[in-house]
Each structure stands twice: as structure tokens, then as C-alpha cells.
Amino acid sequence: MTCMFMPVLAKSHSSWVWTFTETGQNCAGTVDGPNGTLSSCTYTMAFCQKLASCKDASMCVDTFNGTGNNQTVTRAQGGFITNPFRVTDKSSLNGGFLANFTKGGNYTKPDGSFCQLSAVITFECNRNQYWIPNGNTTAVPKAALVKVTFDKTKCQLQATMTYAGACITLAPATPIPESMTAGTVLIIIFFVALSVYFTCGILINLVRGFRGKDVLPQSEFWTDLPVLIADGCLFTCRCGAETEKTGYDSI
């Protein structure tokens, strides 16, 4: 699945940007405890293009009051990827796909260790849920937001959204046939030549006035062929021994 199949989410040569807001622990940079619950964040994402306002990333997060100091901190949640879309395991049944943003900005975990931010946005099928852009920056429909969590262990945003464009049933890929072997080519040539031989021979004999079995080209040969095959089988089974004759020859 490429960006050319996502005309609403990602329009080439445009600056369409999608945003959604979360609160509390679903934001990067929030601390555990009461102060963290009062924080909020706005996620901004652009598919198949860069966000000029977020260090050329494709997904950005602005966290407000993450530490209780009423400050807004901007982080690159996911780096720019030419084609972030991937098919999910359930696509063959119900449709759906995901957008995977990796190589975001560096992030400091609550325990002091470092990691790199990332995001996985899963789109589920909902034929009644359309995303209609309204200007260059449009809020994701609230009804489309199913689940949004921030995994502090993986430093990953995990969001599930519904989208009418995800209702695409994907058929299994058709295996590409392997190239024909020399034996297959010879068999095809043999049967094609045999068909041409009989067709042309019958037509010629019909024009010449032959009827019945005589219309077959070399009709005597094809008439005797079953007998010749039977004789050959008997000769093979008897290992070449001739049949012994009994009685006297007639005078």
C-alpha cells in the first residue's frame, strides 16, 4: 500500500496536516502523579510528507504542563518516512492498515534512560467515518479516535482510529508462475504441430473428395497404429520370443 492510495490522508504536493489532542498519561513527557494528570498534548501528523514545524519529522507532539511547570515542550514523535503504510494481519477479512513512524526524537524515560520516540497508528474499517480536510490543518474527527496510549517502556505512541478508507478487502497475492521448462515447451510444440497436421490434412483430403476414415492424413497408418502398439506390447512382454506354432501347416 503506497501513498497514492490514500487520497484523503495524504495528498501529494499538499500541506494537509492532521491533529488530535489527548490528556494525562497518554502524552510523552508527562510525570507520574497528580501533576501528570493535569497535562495535555497535541499530536500533529502528516502522511508521506514532512512537518516543517517539527524538525522535518512526520509526527510531532506538543506536551503542555508535562512536569507541572505550565511549559510546552515539542518533540518529534515519529520521523519522516516516504511510505509509512503497512497492511495489518486482518486486512484480508475486514480491511485495515497501519502507519508506522520510526526514528523520532530522543526521549528521556522516567528512570533516566534514553530511547527514541516512535508511533504506530492503526486504521480500522468504518464505512461511515470520513476524514474531510478543512484547510491545511484539520482535527481528526473525535468519533474516529478509538484508543490512544503512550507506552513509556517502548517510548511509542499507539493509537487506533476508524476510517472509511480502511474498508478495503485485500485479496491474497497471486503467485507469479515460474518460467516454463524445456520439456514443457517441447510438449506444447508437439501438440500444436499434431493439431495443425490433422486439421490441414483433413481439410486437404476433404477437398480431394475423400470421405469417412479416408479423410485422415495417412489413414492406413493411423488405422494400423493400435494393432502395431498391441504387437509391440506383446513383443516386449515376451522379451522378444516368438509364439510357438502347434499342428501342421495347411497344404
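**Cysteines, a helix and a serine**

User: At 6% relative accessibility, does C60 count as buried or exposed?

Analyst: Let's start with the cut-offs: buried means under 20% relative accessible area, exposed over 50%, and partly exposed in between, using a 1.4 Å probe and protein chains only. C60 has 6% relative accessibility, so C60 counts as buried.

User: What kind of model is this?

Analyst: Residues are numbered from 1 along each chain as its sequence is written, and side-chain values use heavy atoms, leaving out hydrogens and water. Local features need pLDDT of at least 70 and side-chain atom pairs count only at pLDDT 80 or more, while totals for chains, interfaces and linings use all residues, because this is a predicted model.

User: Which cysteine is joined to C60 by a disulfide?

Analyst: A disulfide here is a pair of cysteine sulfur atoms within 2.5 Å. The S to S distance in this pair is 2.3 Å, and the partner of C60 is C54.

User: What is the handedness of the disulfide between C27 and C41?

Analyst: These two cysteines are joined with an S to S distance of 2.2 Å. The torsion about their S-S bond is about -75°, so the disulfide is left-handed.

User: How many residues apart in sequence are C115 and C155?

Analyst: This pair is joined by a disulfide, S to S 1.7 Å. C115 sits in strand β8 (residues 114-116) and C155 in the loop between β11 (145-151) and β12 (156-163). Strands are DSSP runs of E with at least two residues, helices are runs of H or I with at least four, and both are numbered from the N terminus. The pair links distant parts of the chain, with a separation of 40 residues.

User: How far apart are the end C-alpha atoms of helix α4?

Analyst: The expected span is 1.5 Å times one less than the number of residues. For the 19 residues of α4 (residues 219-237) that gives 27 Å, which agrees with the distance between its end C-alpha atoms, 28 Å.

User: Where does α4 bend?

Analyst: A bend is the angle between axes fitted to the seven residues ending at a residue and the seven starting there. In α4 this angle is about 40°, and a proline, P226, follows within four residues of the bend at L225.

User: Which residue's backbone oxygen does the side chain of S58 reach?

Analyst: S58 is found in the loop between β2 (40-45) and β3 (59-64). With a relative accessible area of 0%, S58 is buried. Its side chain reaches, at 2.9 Å, the backbone oxygen of Q49.

Note on methods:
A polar contact is a pair of N or O atoms within 3.5 Å; within protein, one must be able to donate a hydrogen and the other to accept it, and residues adjacent in sequence count only if both atoms are side-chain atoms.
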